[in-house]
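Good morning, colleagues. Please look at the sequence and the structure on the screen while I describe how the helices pack.

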Amino acid sequence: MRPDPRALLSDIESAAADISRYIAGMNSHAYSRDDQTQAAVERKFEIIGEALNRLHQISPEIAERIPRWRKAVDFRNLLIHGYAVVESERVWLFAQNKLPELGSIVRMLLSELGPPEE
């Protein structure tokens with residue numbers, strides 16, 4: 001049985017909401033000094049990238065409706081495989097500038113797809 005793309009989209013939505021919650025009230029300076037928040041945010045970005053990669057495998061027509069989905073997967077790969085060169089400022093900028101749009105698009109897609117079939 002093929003995985004339901006709605007489950008992957010829900011994972012993305014949830015991880016994006018978690019990131020927003022983790023960094024609420026912070027600025028880039030506070031973020032750069034908070035190792036625990038950085039680790040949590042990076043983990044959630046890893047989940048987003050992995051879910052987008054799987055979504056593209058099972059439902060490329062849905063994944064391709066998400067602008068820059070490939071960049072998010074590449075970002076996930078950098079976080080996992082290039083962890084030694086990850087700059088907190090880059091993660092912060094991604095969270096501030098790209099995450100809101102991603103969340104909006106994912107919510108729209110979930111709305112269009114409707115509830116999971118039982």
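Let me begin with helix 3, residues 35–58, and helix 5, residues 69–81, whose axes come within 8 Å and cross at roughly 130 degrees. Please keep in mind that this is a predicted model. An angle over 145 degrees would count as roughly antiparallel; helix 3 and helix 5 are therefore oblique to each other. Their crossing is left-handed.

Which residues meet here? Helix 3 contributes Glu42, Phe45, Glu46, Gly49, Glu50, Leu52, Asn53 and His56. Facing them from helix 5 are Trp69, Arg70, Ala72, Val73, Phe75, Arg76, Leu79 and Ile80. By class, the residues of this contact comprise 8 nonpolar, 3 polar and 5 charged.

I turn now to helix 1, residues 5–23, which packs on helix 3 at an angle of about 160 degrees, the two axes being 9 Å apart. Because angles over 145 degrees count as roughly antiparallel, helix 1 and helix 3 are described as roughly antiparallel to each other. Helix 1, too, passes helix 3 in a left-handed crossing. On the helix 1 side, the contact includes Leu8, Leu9, Ile12, Ala15, Ala16, Ile19 and Tyr22. Among the helix 3 residues that take part are Val41, Lys44, Phe45, Ile48, Leu52 and Leu55. The residues of this contact divide into 18 nonpolar, 1 polar and 4 charged.

The third pairing is that of helix 3 with helix 6, residues 88–97. The axes of helix 3 and helix 6 come within 11 Å and cross at roughly 60 degrees. That angle makes helix 3 oblique to helix 6, and the crossing is left-handed. Gln38, Val41, Glu42 and Phe45 of helix 3 make the contact with Ser88, Val91, Phe94 and Ala95 of helix 6. Here the residues are 5 nonpolar, 2 polar and 1 charged.

One residue deserves a remark across these pairings. Phe45 of helix 3 takes part in the contact with helix 5, in the contact with helix 1 and in the contact with helix 6.

Finally, the largest pocket. Its volume is about 280 Å³. Which residues lie closest to the pocket centre? Of the 15 lining residues, they are Arg68, Lys71, Ala72, Phe94 and Lys98. Two of these names have already come up: Ala72 in the contact of helix 5 with helix 3, and Phe94 in the contact of helix 6 with helix 3.

Which helices supply the lining? Helix 5, helix 6 and helix 7, the last spanning residues 99–113, each provide at least two residues. Helix 5 gives the largest share, with 5 residues. In composition, the lining has 9 nonpolar residues, no polar ones and 6 charged.

Definitions and conventions:
Residues are numbered from 1 along each chain as its sequence is written. This is a predicted model: local features need pLDDT of at least 70, side-chain atom pairs count only at pLDDT 80 or more; totals for chains, interfaces and linings use all residues. Side-chain values use heavy atoms; hydrogens and water are left out. Axes are lines fitted to C-alpha atoms, for helices over the stretch in contact, and angles run from 0 to 180 degrees between N-to-C directions. Helices (H or I, at least four residues) and strands (E, at least two) are DSSP runs, numbered from the N terminus. Angles under 35 degrees count as roughly parallel, over 145 as roughly antiparallel, 65 to 115 as roughly perpendicular and the rest as oblique. A crossing is left-handed if the near helix is turned anticlockwise from the far one by less than a right angle, and right-handed if clockwise. Contact means heavy atoms within 4.5 Å. Ala, Val, Leu, Ile, Met, Phe, Trp, Tyr, Cys and Pro count as nonpolar, Asp, Glu, Lys and Arg as charged, and the others, Gly among them, as polar. On a 1 Å grid over the protein atoms alone, a cavity is a set of points where a 1.4 Å probe fits but cannot get out, and a pocket is an open set with protein on both sides within 12 Å along at least five of seven lines; lining residues have an atom within 4 Å of a point. Grid points are joined across faces, edges and corners, and a volume is the space filled by probe spheres set on the points.
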